Structure formats: C-alpha cells, structure tokens
Amino acid sequence: MSKWRKNIAFDSSSSDSSDEDERNNMMMRMAIEYHTMQRQNQPAKHGGSTSGRRHYDRDRVSGNAQLIKDYFADNPVYDANLFRRRFRMHRPLFIRILNDIQEHDDYFVQKNDALGFPGLTGIQKMTAAMRMLAYGMSADAVDEYVRIGESTTIECLKRFCKGVVGVYEHQYLRSPNVEDISRLLRMGEERGFPGMLGSLDCMHWEWKNCPTAYHGHYTGHVHKPTIILEAVASYDLWIWHVFFGMPGSNNDINVLDASNLFADLRDGRTPPVNYTINGHNYTMGYFLADGIYPKWATLVQTISQPQGAKKKLFAQKQESFRKDVERAFGVLQSRFAIVRGPARFWNREDLCYIMKTCVILHNMIIENERAEEDGGDTNMHHNNEYDAPNFENLVQLSRGSTVQFDEFMARHRMIRSSTVHHTLRNDLIEHLWSREGDM
C-alpha cells in the first residue's frame, strides 16, 4: 500500500513539473513573437535599402532638365545678370569650376544607380552646394528645385569644398608673387603709403552647433562660441592671407602669434621689398592694422589721439585705408551668407573647408570680373612702370632649413622691432604731409 502511494506521489509531481515547463515555453514563444512584430512595425533607423525607409521618386532627370533650361541652355530662361546674382559668379566661371572639380573628384560625374537609372548630374550637385554657400539655407531647402535629398546635399557641400580647396588653394590662397608685390607697392605709393602690402584684421564666425564641452574654449567677448578668421586684404578686396580655426576666446594678438603670416619672412622665402621714405631705406613691407596689434616693424597703426595737423592727417588716411580688410569681410559675407550666419556643422574641419572655399571663390570672382573689365586680359591690371624688386638672390623654397639660426633670429627681431615701427610711422606722417598737407 505504501509503495502504491509513493508511485502516485511521484507521478503527480512529474505531471506538475511538465505542465510548468510547458507554460514557460509557451510564454517565451509569445514574448518572441511579440518583439518580432514590434520590430517589423517600427521604422528603420539606418539608411540605404533597409526595410521601413520611405523612397521618394524625385524625378532627377526632369529636375536636371529644368535646371539646364533655366540657366545653362543656349537661350536660358534667366539671363546672365540673374545667373550672376543667384550663383554669385558668371556662367563661364561656374562651368570652369565644375569641369575642374569633376577631374579632381568623380563624385561630381553623373553615374547610373544600382537599377541602371541615371543619377544626379554634376550641375545639380554643384548647384546644391552653391545655394547653401550663397544663401546659407538648410540642406533640405534645395530639394524641391534641385531634386536632391538632404543627406546628399550635405555630402555634396563637403565634397565640393574639399575639391575647391584641393584644386585652387595653391593659386588663390598664395602669398604675393613678384608681379603681385609690384602692383601692391605701386598702389600703396599712389595712396601715400609706400611699402604697404595690405591691411590686417580678424573676423569672428559664430559656431551654433559647437559641442558643449568646447563652449568655454570658444566663447569670447561676443558671449557665444565663435571661430576666428585672420586675413590680409588689399585695395581690390583680394584676400592674400587666411588663418582660420582659432577659438573665439582669443584676441587678435593671440591669433597673430599663432598664425604663419610672417613665417616666410622669417625664413627668408619672401621676395625683398625695398623702398625709401623721408630719406630712410626699408627692406620689409608692412600692413595697416588697428590699435590692438603690437608695435612691430611690419605693422602700422593709427594714432588714437592725434595732436597737430600732420598726425591728424595720418590718422585719417590710415583709418581710411585700413578699412580695405573690413570691406573684404563685408563683401565675403554678402556673397556667401553661410559665413554671415551661425555655423550649423559639428566638425571644425568642415567649417575650415567651408571658410577656405568661400575665400577662394571670392578671389576667383574678383579675378574673373577684373579680367572682364580689362577686356578679357588677366594681365592688364599689372602696371610695369613700377620697378619690380630684384629676385636673383631669392632663397628657393625648401622642405629643410633655408637659413642659419642666427639669420633667422635676426629677421625675427627685425619684424618685431618697435624702434623701426616708430621710425616708419614718423616717416609716413612726414611723407603724407608733404604730399597732401597744403591741399
């Protein structure tokens, strides 16, 4: 009897255990099915050909045809003036840049997609990039007309900026060559400042999407994160020197110490500049600057509280001609609204490429329009009546050391000489008074 009861107890316990296992398995299967249905109903988080991503038939072919009909046909809907207004340049220059960029990066060459349909053309991609640069609009704003998606527009802008810098930086962000210096010295002589090579100043570009960890480093007197552009511009608004990337917490003196503005001069790689003022001979050119800059031999500031007619005349002329770089900043921002408004990119390297691209295009537009004014000859603006300096003993550019250390230090001390600075400024005061004091 006891044996039978033991068997009954064993069978009941086994039955209860099997029922519990079955319930656990059924609940696990239901949970798996529930999570599977949830994943299928949720939209995909990644791009590409993943399930859940909506496809928009933008009809890229008709968009390209409309763009060509409006601006690039033999008889376009919008004339050359409207093209210049909306693209910031004339159509031949636009086509020239497009052809050079296509040779540099085949991303701007039209290709077929995986299904064999024609993709976006180079004109569409460059137009999208130029609209963002010129108008400062968001990437999504060009979709309706150019027929290009937001992410593709951002990629077009980044690739276009890298292509422009890679192709044109050596030409349009170069230091002044022999002919350039000759022209700048001639113009400085005509304006009453012999030896002047341009004016120097800095500009702040607000960084709206600056990472929070960098806010303190990039926030300065404007109380917002900014990035500083140091530039030198001449009378024709050509920007000769660009140094971009310093945090906005720095002032102009810190930027000058970190920039390479006088690096070539210290290394002996710049063409010599020889001129005479008031009987004194000088061998280095100079830039006009505002009062915050140090009193160096290569920088000439105004007189804050001039006493006497001579110093008042010098202060008036210096402050007037120093506005060249500020006018260049104004024209740059009016042509390319992306550098006038807050920067919306996260990566500082992208902002550097955008700023350099805007400066390069700015210089290209100046050269192109100046050539048209001169009848199509880009060399007509050079006046050879001014005696160009002798460059026979010019040190050639080298990757190694080009001068001895003592010569390097001598040039470094000469650049920062306050004695030469005061002598030069006094000579300029007398020179201007002898020219225009009796007028």
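**Exercise 1.** In this predicted model, find which element gives the most to the lining of the second largest cavity.

*Solution.* Start with who sits around the space: Leu157, Lys158, Cys161, Lys162, Phe345, Asp350, Tyr353 and Ile354 line the second largest cavity. Next, look for elements that give two or more residues to that lining: these are α7 (150-172) and α14 (348-373). Now pick the top contributor: α7 wins, with four residues.

**Exercise 2.** Work out how the lining residues of the second largest cavity divide into nonpolar, polar and charged, and say how much space lies inside.

*Solution.* Go through the lining by class. Tyr and Cys count as nonpolar here, so keep Tyr353 and Cys161 in that group. The tally comes to five nonpolar and three charged residues, with no polar ones. As for the space, this cavity holds about 40 Å³.

**Exercise 3.** Say how many cavities of 30 Å³ or more a search of the whole structure finds, then describe the lining of the largest cavity.

*Solution.* First, the count: the search turns up two cavities at that cut-off. The largest cavity comes out at about 50 Å³. Then list its neighbours: Leu184, Met187, Gly188, Arg191, Met196, Leu197, Gly198, Ser234, Tyr235 and Asp324 form the lining. Map those onto elements, and α8 (178-190) and β1 (196-206) are the ones that give two or more residues. Finally, sort by class. Gly counts as polar in this scheme, so Gly188 and Gly198 go in the polar group. That leaves you with five nonpolar, three polar and two charged residues around the largest cavity.

Conventions. Residues are numbered from 1 along each chain as its sequence is written. This is a predicted model: local features need pLDDT of at least 70, side-chain atom pairs count only at pLDDT 80 or more; totals for chains, interfaces and linings use all residues. Side-chain values use heavy atoms; hydrogens and water are left out. On a 1 Å grid over the protein atoms alone, a cavity is a set of points where a 1.4 Å probe fits but cannot get out, and a pocket is an open set with protein on both sides within 12 Å along at least five of seven lines; lining residues have an atom within 4 Å of a point. Grid points are joined across faces, edges and corners, and a volume is the space filled by probe spheres set on the points.
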